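Me: Could you take a close look with me at one part of this protein, the aromatic ring pairs? I would like to see how they sit within the fold as a whole.

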Amino acid sequence: MTAPIALSADQARRMALAAQGFADKRPVGRVDRRHLRRVFDRVGVIQVDSVNVLVRSQELPLFARLGPHPRTLLPDALTDGELFEYWAHMAAIVPSAHHHLFRWRMAAEGGWRMLAELRQRRPAYIGEVLDRIRADGPLTAADLAQRAGPKGTWWDWDDGKVALEHLFAEGLVAARRRPTDFARVYDLPERVIPGAELSRPTPAEPDARKDLLVLAARSMGVATFTDLTDYHRQRNPVCRPLLPELVEDGRLLRADVDGWSAPAYVHPDAVAPRRVTGRALLSPFDSLVWNRERTLRLFGFHYRIEIYVPPPKRQFGYYVLPFLLDGHLVARVDLKADRASATLLVQAAHIEPGREAEAGTVAEHLAAELALMATWLDLERVEVIGQGDFAPALHAAARGAV
């Protein structure tokens, strides 16, 4: 058996950044579909989230890697079927070429309580909804709304929503997002996803799972077993026996990373560049940082999203983006797009412990990136209005930034 590759923690960090596309230079000039494909070749998955206090989260990974780009880039690729949405991590956008790798998940769908209750009360209803889509075309959950009283909490689904979400998870319908309110518009897969992708042979479940583990390794560079399974939200027990097979076949390489308590695995194509330069503001749901334990292990950056934390108990803010500078997470900012005043608001700014001596340089780079983001979002200015130990330095750097 080949000895594991020995990696320092710094090598692992640079390898992870390169795998996610942060060792690539941002394009100069017009950004088009080729650049979008390059991002998906790197990350494989972009998580979807409905919070729109700054911009929809799925737009931010492209900005982080490509800089300013046409905001139609992602919607257009979804509209023409090159990409599709599915439960690939959470709700996520993935290449349609990977549709066949999720069919085992589609076949296994159906174990949730609301679905069982619906089937018991209205055994024919789900089939009736599917028949309506076949006959009448795409529809939203609102088109099937049957609620008599006002809607309650966000999980208060009525029968139509339950039926549509089941059909979506089962792969019997696909969905696009309506731009006005982000609602899913459900339709038959053949009217959303190219026939060439739908007609790909369906692999056996273990083979599809192994392919997903390898894709995860490619997108992470170096990863523990739980990192790999988390990337596409696979279950550890069923994947554990697949790992030795992937190592034996040379599709994954074993590694030991200094300071990591668990064994690691490296994709054969992974590289650790000597230096990683550049800057990026990261969505809370960016695939570089969505696994909070891995983020702490790679960067020493403790990160929790505080959207659901009561305001008095928030430590850093409501919608906080980590700031990546030259391969390190050096600061974090709570951002809001105030569209009425055409202003990108910095509601809080904090520098990471140990980076205080670099505060001036970090502030200059962050102010420049915020100005770039504001221009991309058609906002006219950046204003630092909030608190935090980094707010004064950032305020000084951001004056006249846009």
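Reply: Happy to; here is the setting, followed by the aromatic pairs and one distant spot.

A word on the ground rules: this is a predicted model, where local features need pLDDT of at least 70 and side-chain atom pairs count only at pLDDT 80 or more, while totals for chains, interfaces and linings use all residues. Residues are numbered from 1 along each chain as its sequence is written, and side-chain values use heavy atoms, with hydrogens and water left out.

Let's start with the fold. The protein chain contains 16 helices and 14 strands; these are DSSP runs numbered from the N terminus, helices being H or I with at least four residues and strands E with at least two. Its radius of gyration is 22 Å, close to the 21 Å that the globule rule gives for 402 residues, so the chain is as compact as a globular protein of that length. (The radius is taken over C-alpha atoms, and the rule is 2.2 Å times the number of residues to the power 0.38.) Along the principal axes, the C-alpha trace spans about 65 × 60 × 45 Å. Of the 402 residues, 53% count as buried, where buried means under 20% relative accessible area, exposed over 50% and partly exposed in between, with a 1.4 Å probe and protein chains only.

Now to the rings. Rings of Phe, Tyr and Trp (its six-membered ring) pair if their centres lie within 6.5 Å; planes under 30 degrees apart count as stacked, over 60 as edge-to-face and the rest as tilted. By this rule there are 6 aromatic pairs. In one of them, F63 and W376 have ring centres 4.7 Å apart and planes at 20°, so the pair is stacked. The pair ties together distant parts of the chain: F63 belongs to helix α3 (residues 60-66) and W376 to helix α15 (residues 359-376), 313 residues apart. F63 counts as buried because its relative accessibility is 0%, and W376 is buried too, with a relative accessible area of 7%. Elsewhere, ring pairs join Y86, F102, F168 and Y186 into a cluster.

For contrast, have a look at A396, which sits in helix α16 (residues 391-398). A396 is partly exposed, at a relative accessible area of 45%. From A396 to W157 the C-alpha distance is 48 Å, with their positions 239 residues apart in sequence.
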